[in-house]
Amino acid sequence: MSKKIRTEAVDHLFEAVLSLKSKEECYTFFEDVCTVNELLSLSQRFEVAKMLRAQKTYLDIAEKTGASTATISRVNRSLNYGNDGYDMVFARMDVDKET
């Protein structure tokens, strides 16, 4: 993980997220912390990552999610060269059953 984001403030944010106990609590917290567009962007990237993992084409992904090819490429780069965060979460969620 980049040392640039490892700060005390980010630690506090992550501790707050880890304290959430339900999807409803997540909605309540994230609606306060993020703008609607920020939250939709995060969820869009997650959907793009799931579709890339399921071997969908950029065209299919763009049509279904509305993501730009630049966003799809950025997510693809994270999947291939990132810190394996998506894979860790996908394994825990068993995402392959959803796609």
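Me: What makes lysine 50 count as buried?

Reply: Its relative accessibility is 10%, and buried means under 20% relative accessible area, with exposed over 50% and partly exposed in between (1.4 Å probe, protein chains only). So 10% falls on the buried side. Keep in mind that this is a predicted model, where local features need pLDDT of at least 70, side-chain atom pairs count only at pLDDT 80 or more, and totals for chains, interfaces and linings use all residues. Residues are numbered from 1 along each chain as its sequence is written, and side-chain values use heavy atoms, with hydrogens and water left out.

Me: Why is the contact of glutamate 47 with lysine 50 called a salt bridge?

Reply: The closest N and O atoms are 3.2 Å apart, and the term asks for a side-chain nitrogen of Lys or Arg within 4 Å of a carboxyl oxygen of Asp or Glu. So the pair qualifies. Both residues sit in helix α3, 3 residues apart, which means about one helical turn between them. (Helices are DSSP runs of H or I, at least four residues, and strands are runs of E, at least two, numbered from the N terminus.) Glutamate 47 is partly exposed, at 32%.

Me: What makes aspartate 87 and arginine 53 a salt bridge too?

Reply: Their N to O distance is 3.6 Å, so the 4 Å limit is met here as well. Aspartate 87 lies in helix α6 and arginine 53 in helix α3, so this pair ties together parts that are 34 residues apart in sequence. Aspartate 87, at 30%, counts as partly exposed, and arginine 53 is partly exposed at 32%. The structure holds 2 salt bridges.

Me: How do you know that tyrosine 86 and phenylalanine 90 are stacked?

Reply: Check the numbers: 5.9 Å centre to centre and 25 degrees between the planes. Rings of Phe, Tyr and Trp (its six-membered ring) pair if their centres lie within 6.5 Å; planes under 30 degrees apart count as stacked, over 60 as edge-to-face and the rest as tilted. So stacked it is. The two residues lie in helix α6, 4 residues apart, about one turn of the helix. Ring pairs also link Phe46 with Tyr86 and Phe90 in a cluster.

Me: Why is the pair of phenylalanine 29 and phenylalanine 30 called edge-to-face?

Reply: The planes are 80 degrees apart and the centres 5.4 Å, so the pair passes the distance limit and lands in the over 60 class. Phenylalanine 30 is partly exposed, at 21%. A search of the whole structure finds 4 aromatic pairs.

Me: How do you know that phenylalanine 90 is buried, and which nonpolar core includes Phe90?

Reply: Its relative accessible area is 1%, so the under 20% rule is met. Phe90 belongs to the largest nonpolar core, which has 11 residues, including Val48, Leu52, Ile72 and Tyr86. A nonpolar core is a set of buried Ala, Val, Leu, Ile, Met, Phe, Trp, Tyr and Cys residues joined through side-chain atoms within 4.5 Å. The most, 4 residues, comes from α3.

Me: What makes glutamine 55 count as exposed?

Reply: At 69% relative accessibility, glutamine 55 is over the 50% line, so exposed is the word. Glutamine 55 sits in the loop between α3 and α4 (58-65). Its phi is near 65 degrees, a positive value in a residue other than glycine.
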